[in-house]
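Reader: I am new to this structure and would like to go through it step by step. Could we begin with how its helices pack?

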Amino acid sequence: MSFKESYRTVLTQVHPDNQLGSNSIVLLDEICQKIIHVMTVNAKEVMIKDHKRRILKDHIRQSISNILIDELQKHALIEGEKGMRNVSQFIFPINKTARYMRIVFNIDEDSVKYMSYVIEYLFAEIIELSGSVCKDMIKIRISPDHIKLAINNDTELYDLVIDKCKMKL
């Protein structure tokens, strides 16, 4: 299960001249799965403290506040709220996000939608920075090394992917 088309849609919005290699898609999928898992596990902890039986949008919102830092946190919360208000078309499919989230616990539909908008924002950031690294190296195809460099050079993404998600890039 891959978000391949979602990544490509985001890429055409931020860097229309770039392409994603298949290894880059694999790496982005690994990062995406891990971020969704970490946020959902944290939301489950918030849900338990809240004495609820389902993870609600407010639990996801609190999870984002617990996990993301600074501008990344602020913008992720804004994008989640904006998406819920506008009910725009999802670039990141809800059904795939839900599958990753339901592995952990029972999830409210609004929380899945909220998470999809937040994931879409986070990957727009990762893909935009990776595309910039790629262009700086005078390349067209974004490689896993471009993604790794982009994450390592951004303190907020580094904190999320390396520190909070415990990924080794």
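Author: Certainly. This is a predicted model. In it, the axes of helix α2 (residues 22-49) and helix α3 (residues 57-67) come within 8 Å of one another, and they cross at roughly 115°.

Reader: Is that crossing of α2 and α3 left-handed or right-handed?

Author: The α2 and α3 helices cross in a right-handed sense.

Reader: Which residues make the contact?

Author: On the α2 side, the contact is made by V38, M39, N42, A43, V46 and M47. On the α3 side, H59, I60, Q62, S63, I64, N66 and I67 take part.

Reader: And how many of the residues in the contact of α2 with α3 are nonpolar, polar or charged?

Author: Eight are nonpolar and five are polar, while no charged residue belongs to this contact.

Reader: Let us turn to aromatic rings. How many aromatic pairs does the structure hold?

Author: There are two aromatic pairs. One of them joins F3 and Y7, with 6.4 Å from centre to centre and 55° between the planes, and this pair is tilted.

Reader: Are F3 and Y7 buried or exposed?

Author: Both F3 and Y7 are buried.

Reader: What about the rings of Y7 and F123?

Author: Their centres are 5.7 Å apart and their planes stand at 40°, so this pair is tilted. The pair links distant parts of the chain, since Y7 lies in helix α1 (residues 4-14) and F123 in helix α6 (residues 109-136), 116 residues apart.

Reader: What is the relative accessibility of Y7, and that of F123?

Author: Y7 has a relative accessibility of 0% and therefore counts as buried. F123 is likewise buried, with a relative accessible area of 0%.

Reader: Which residues form the aromatic cluster?

Author: F3, Y7 and F123 form one aromatic cluster.

Reader: A new topic, then: how many disulfides are there?

Author: The count comes to zero disulfides.

Reader: Why is there no bond at C32?

Author: The cysteine sulfur closest to that of C32 belongs to C165, and it is 10 Å away, which is too far for a bond. A disulfide requires the two sulfur atoms to be within 2.5 Å. Seen from C165, the closest cysteine sulfur is in C32, again at 10 Å and too far for a bond.

Reader: Are these two cysteines, C32 and C165, buried or exposed?

Author: C32 is buried, with a relative accessible area of 0%. C165 is also buried, and its relative accessible area is 1%.

Reader: Now the backbone. What is notable about phi at D70?

Author: D70 has a positive phi of about 50°, although it is not a glycine. This residue lies in helix α4 (residues 70-86). At 54% relative accessibility, D70 counts as exposed.

Reader: And what is phi at K166?

Author: Phi of K166 is near 60°, again a positive value in a residue other than glycine. K166 is found in the segment after α8 (155-164). K166 is exposed as well, with a relative accessible area of 63%.

Reader: Where is K135, and which residues does it contact beyond its neighbours within four places in sequence?

Author: K135 is located in helix α6. Leaving aside its neighbours within four places in sequence, K135 is in contact with H15 and N18. The C-alpha atoms of K135 and H15 are separated by 9.4 Å, although the two residues are 120 residues apart along the chain. K135 counts as partly exposed, at 39% relative accessibility.

Reader: Where does D17 lie?

Author: D17 is in the loop between α1 and β1 (19-20). Its C-alpha atom and that of G131 are separated by 9.2 Å, with their positions 114 residues apart along the chain. D17 is exposed, its relative accessible area being 60%.

Reader: One last residue: what can you say about N95?

Author: N95 is placed in helix α5 (residues 94-102). It is partly exposed, with a relative accessible area of 45%. The C-alpha atoms of N95 and N153 are separated by 32 Å, and these residues are 58 residues apart along the chain.

Key: Residues numbered from 1 in each chain as written. Predicted model: local features only at pLDDT ≥ 70, side-chain atom pairs only at ≥ 80, totals over all residues. Heavy atoms only, no water. Buried < 20%, exposed > 50% of the residue type's maximum accessible area, 1.4 Å probe, protein only. Axes fitted to C-alpha atoms, helices over the stretch in contact; angles between N-to-C directions. Helix = DSSP H or I, 4+ residues; strand = E, 2+ residues; numbered from the N terminus. Left-handed = near helix turned anticlockwise from the far one by under 90°. Contact = heavy atoms within 4.5 Å. Nonpolar A, V, L, I, M, F, W, Y, C, P; charged D, E, K, R; others polar. Phe/Tyr/Trp six-rings, centres within 6.5 Å; stacked < 30°, edge-to-face > 60°.
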